[in-house]
Amino acid sequence: MKQTFFDAHAHLDFAEFDHDRDALFIEMNTRGIDKVLIPGVSPERWSRQLEIATQYQCYFGLGIHPWFIPSSIDEAITKLEQQINHNLINPLFVAIGECGLDKLRPDFTAQVDLCLKQLLLAKKYHLPVILHAVKCHSELITLLNKTQLTHGGVIHGFYGSVEVAKQYQLLGFKLGIGGLLLNPMAKKLHHVVSELPLETFVIETDSPSMTPLNSPEKRNSPLILPSIIEKIAFLRKKSTVPILEQVNKNTLQLYEL
């Protein structure tokens with residue numbers, strides 16, 4: 001039976017794919033990469049994102065990334081809620097996000113406000129949330145404890161300790177594992193993937209970003225998913241088939257697909 005893959009986080013609507021998107025989807029199909037979730041990043045990009053998601057039948061989330069803080073957070077949140085309501089009956093709409101916190105970017109107080117308001121929308125509409133988290137796990141865990149979401153979500157591009165990972169687990173979150181796992185120096189992530197139950201993980205690429213170290217390609221794509229599964233299998237000393245089956249199951253269950 002043909003193996004199939006679900007990329008739980010890929011920005012295939014970005015301009016980096018405009019010149020060869022059709023060819024990429026054909027190649028993905030030949031390799032069994034048949035499901036993708038495209039996260040939202042800003043109100044200005046939602047229209048193009050939804051156009052691509054519809055054309056290629058990709059799942060999508062709606063959200064505002066901490067790199068794209070709007071001039072008026074309240075106005076942007078109003079627009080987000082309008083988009084949520086407009087898409088509630090769309091079977092491809094499955095999550096709020098990408099939102100979150102990033103200590104490497106400015107305006108952290110505004111980030112917290114923006115993130116909290118999106119978490120509250122996720123709770124209101126009973127949707128999982130896709131979270132960007134860079135050097136801010138304690139602050140993000142505080143927000144999640146405060147909001148007590150009903151449907152959990154994914155900590156995208158997770159890179160933290162086993163102890164932090166377990167805190168997210170208790171809050172109902174999966175950990176997004178991507179190309180960083182292929183970096184020989186990513187020992188902390190290797191340890192997390194080796195130690196925690198397989199039910200904890202989903203696989204993702206963050207395409208076109210987070211290209212694996214030493215990759216001949218500058219642009220990342222979902223085509224690296226088989227390599228991520230092979231690395232998880234190597235770290236856990238298991239075969240790839242049950243690992244792929246479990247992470248696919250995790251993603252499908254999280255988004256109720």
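Me: What percentage of the 257 residues of the protein chain count as buried?
Reply: Keep in mind that this is a predicted model. A residue goes in the buried group when its relative accessible area is under 20%. Over the 257 residues of the protein chain, the share counted as buried is 55%.

Me: And what radius of gyration does the protein chain have, next to what a compact globule would have?
Reply: The C-alpha atoms fill a box of roughly 50 × 40 × 30 Å along the principal axes. For 257 residues a compact globule would come out near 18 Å, and the protein chain agrees with that, at 17 Å.

Me: How many helices and strands are there in the protein chain?
Reply: Both kinds of element are present in this chain. The count is nine helices and eight strands.

Me: Of the contacts between residues at least 6 apart in sequence, what share joins residues at least 24 apart?
Reply: Here a contact means heavy atoms within 4.5 Å. Take the pairs at least 6 apart in sequence, then keep those at least 24 apart: the share is 72%.

Me: Let's look at strand β3. Are its two faces covered or open?
Reply: Side chains in a regular strand alternate between the two faces of the sheet. In β3, residues 59-62, Tyr 59 and Gly 61 sit on one side, with Phe 60 and Leu 62 on the other. These four residues are all buried, so both faces of β3 are covered.

Me: Which strands pair with β3, and is the pairing parallel or antiparallel?
Reply: On one hand there is β2 (residues 33-38), joined to β3 by two bridges, with Leu 37 partnered by Tyr 59. On the other there is β4 (residues 93-102), with three bridges to β3, and there Phe 60 stands opposite Phe 93. So the partners are β2 and β4, and the sense with each is parallel.

Me: Is Gln 111 buried or exposed?
Reply: Gln 111 belongs to helix α4, residues 108-124. Leaving out residues up to four places away in sequence, Gln 111 touches Pro 66, Ile 69, Gly 100, Leu 101, Asp 102, Arg 105 and Pro 106. Its relative accessibility is 0%, so Gln 111 counts as buried.

Me: Where do cis peptide bonds turn up?
Reply: Most peptide bonds are trans. One cis bond runs into Glu 98, a residue of strand β4, with omega near 25 degrees. Another has omega about 5 degrees and leads into Pro 208, in the loop between β8 (201-203) and α8 (225-236). The bonds in question are Gly 97 to Glu 98 and Ser 207 to Pro 208.

Me: What is phi of Gln 57, and is the residue buried or exposed?
Reply: Most residues other than glycine have a negative phi. Gln 57, in the loop between α2 (43-56) and β3, has a positive one, near 55 degrees. With a relative accessibility of 52%, Gln 57 counts as exposed.

Me: Asp 206 is not a glycine either, so what is its phi, and is it buried or exposed?
Reply: Asp 206 lies in the loop between β8 and α8. Its phi is positive, about 60 degrees. Relative accessibility is 10% here, so Asp 206 counts as buried.

Me: How far apart are the centres of the positive and negative side chains?
Reply: The protein chain carries 25 positive side chains and 27 negative ones. The centres of these two sets lie apart by 6 Å.

Methods: Residues numbered from 1 in each chain as written. Predicted model: local features only at pLDDT ≥ 70, side-chain atom pairs only at ≥ 80, totals over all residues. Heavy atoms only, no water. Rg over C-alpha atoms; globule rule 2.2 N^0.38 Å. Buried < 20%, exposed > 50% of the residue type's maximum accessible area, 1.4 Å probe, protein only. Lys, Arg positive; Asp, Glu negative; His and termini not counted. Charge placed at Lys NZ, Arg CZ, Asp CG, Glu CD.
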